Amino acid sequence: MTEAKEELREIVQFLADPRQFTRLGGRAPKGVLLVGPPGTGKTLLARAIAGEAKVPFLSINGSEFIEMFVGLGAARVRDLFQQARDLAPCILFIDEIDAVGKVRAGAILTGGNEEKEQTLGQLLAEMDGFDSSKGVIILAATNRPEILDPALLRAGRFDRQVLIDNPDQRGRLQILQVHCKNIKADPQLSLEHIASLTPGFSGADLANLVNEAALFAVRRNGDLVTESDFDHAIERIVAGLEQRSKIMHPEEKRRIAFHEMGHATVSLTLGPSEKVHKVSIVPRGLGALGYTIRRPTEDRYLMDEHEMLKKIAVLLGGRAAEVLFLKSTSTGAADDLVKATDLARAMVTRFGMSEAIGLSVLEEKELTYLASPQLPRISPYSEETAKSIDHEVKSILEKGLRLALKELNTYRTFIEQGALELIRKETLEEEDVVQLWDQHVQSAKVSA
Ligand code: ZN
């Protein structure tokens, strides 16, 4: 969890000495949302932050607010925040916040709307009225960020999100090493090998695996837990995971490898502004749409038209690689397509970058906090204009795809090599990619 830990270290420092952060008038972080699939240790991590900072840890499960008698949810929220204020500095942890924080439209359909809304409303009010300099940090965890009410993610509330994903091969090895301390393992046992056999396993799955293997050893009256016990246990757990569709088949792995190399390559070749930090085919526990929490679209920096097109090309690089190397498309690009379309639409309707549409801003009004998503959206423009917007967006996307395809075609061998490496290692770090790139460019020079 190297990256997540890096991001959370600041929270620990803040809790240990809040004044250090506010000395120059800065605002300390208020809420941090831990996002990730089940079993990846979000609760453990929250607890560890409190432990590291040596502050009290208050925790509650989101569903506990809901299961109460009518009217008590909101009161419970109030109490909890009061308690946190009294204990400060401390951590207030809300697990499964989606239970209270669901988008409100869903509540209308399922009933019990008013109660949930009161509870959520109280939670928002408490967070707003909170003075973070007093040293209370609110952590929350969810594996379904996409259903959270956008109001929860606004600035000053859970405006920081940390992704806690399933571990990669190296992470799995480290987790196995921790759990295997508790069993009598055969010295011949290769944990590296087991780590390589378990892509898609979460930390909890790995703990379960070690335990299952030990049970197998007991059942056959063995003295040590051996590799074959692990094989049996993996078989059993994989069958269970397959039903939850978390395990990748070799064909899928290949497709994802090419897809990811597609993104990486376009981003490498289209200029210095984009950097490839890491390419990975570790199954994302959150599904394609997992980590698209509503953050402001890329308008925080100044980007010129060309850069935006590059960005679209990078987003479409995955799809382009699938088309080029596997001659077919898949659902894997869904999230990329959403992002690319948003960007292309913004170019047309917001940044005046389309000649046909001109300079007028034609954005649809964003839903406000109180508006019901079930109400039809009101377009500020005619149907005819809507048509030409669609046309312009489409042509920008096509331009982006052509750009991506051109780059990928030029660097075919690099992509093929990279995909093979990815299938073997699952994750390529920045230096691996650079090394492979240099090798490729070198050999291309020699053959030229
Ligand atoms: Zn992609």
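**Close-up views of the predicted model**

**View 1. Low-confidence stretch at residues 366-371.** Over residues 366-371, pLDDT (the predictor's confidence in each residue, from 0 to 100) stays under 50. Beyond four places in sequence, the model has seven contacts (heavy atoms within 4.5 Å) for this stretch. Across the protein the mean pLDDT is 80, with 83% of residues at 70 or more. Residues 106-110 also have pLDDT below 50, and the model gives them five contacts beyond near neighbours in sequence. Where pLDDT is low, the predicted coordinates should not be read in detail.

**View 2. Crossing of helix 13 and helix 16.** Helices are DSSP runs of H or I, at least four residues, numbered from the N terminus. The axes (lines fitted to C-alpha atoms over the stretch in contact, with angles from 0 to 180 degrees between N-to-C directions) of helix 13 (residues 250-269) and helix 16 come within 9 Å and cross at roughly 90°. Helix 13 is therefore roughly perpendicular (65 to 115 degrees) to helix 16. Gly262, Thr265, Val266 and Thr269 of helix 13 meet Ala404, Glu407 and Leu408 of helix 16.

**View 3. Threonine 385 in helix 16.** Helix 16 comprises residues 383-410. Threonine 385 counts as partly exposed (20% to 50% relative accessible area, 1.4 Å probe, protein chains only) because its relative accessibility is 23%. Its C-alpha lies 7.9 Å from that of isoleucine 357, 28 residues away in sequence.

**Notes.** Residues are numbered from 1 along each chain as its sequence is written, and side-chain values use heavy atoms, without hydrogens and water. In this predicted model, local features need pLDDT of at least 70 and side-chain atom pairs count only at pLDDT 80 or more, whereas totals for chains, interfaces and linings use all residues.

How values were computed:
Helices (H or I, at least four residues) and strands (E, at least two) are DSSP runs, numbered from the N terminus. Angles under 35 degrees count as roughly parallel, over 145 as roughly antiparallel, 65 to 115 as roughly perpendicular and the rest as oblique.
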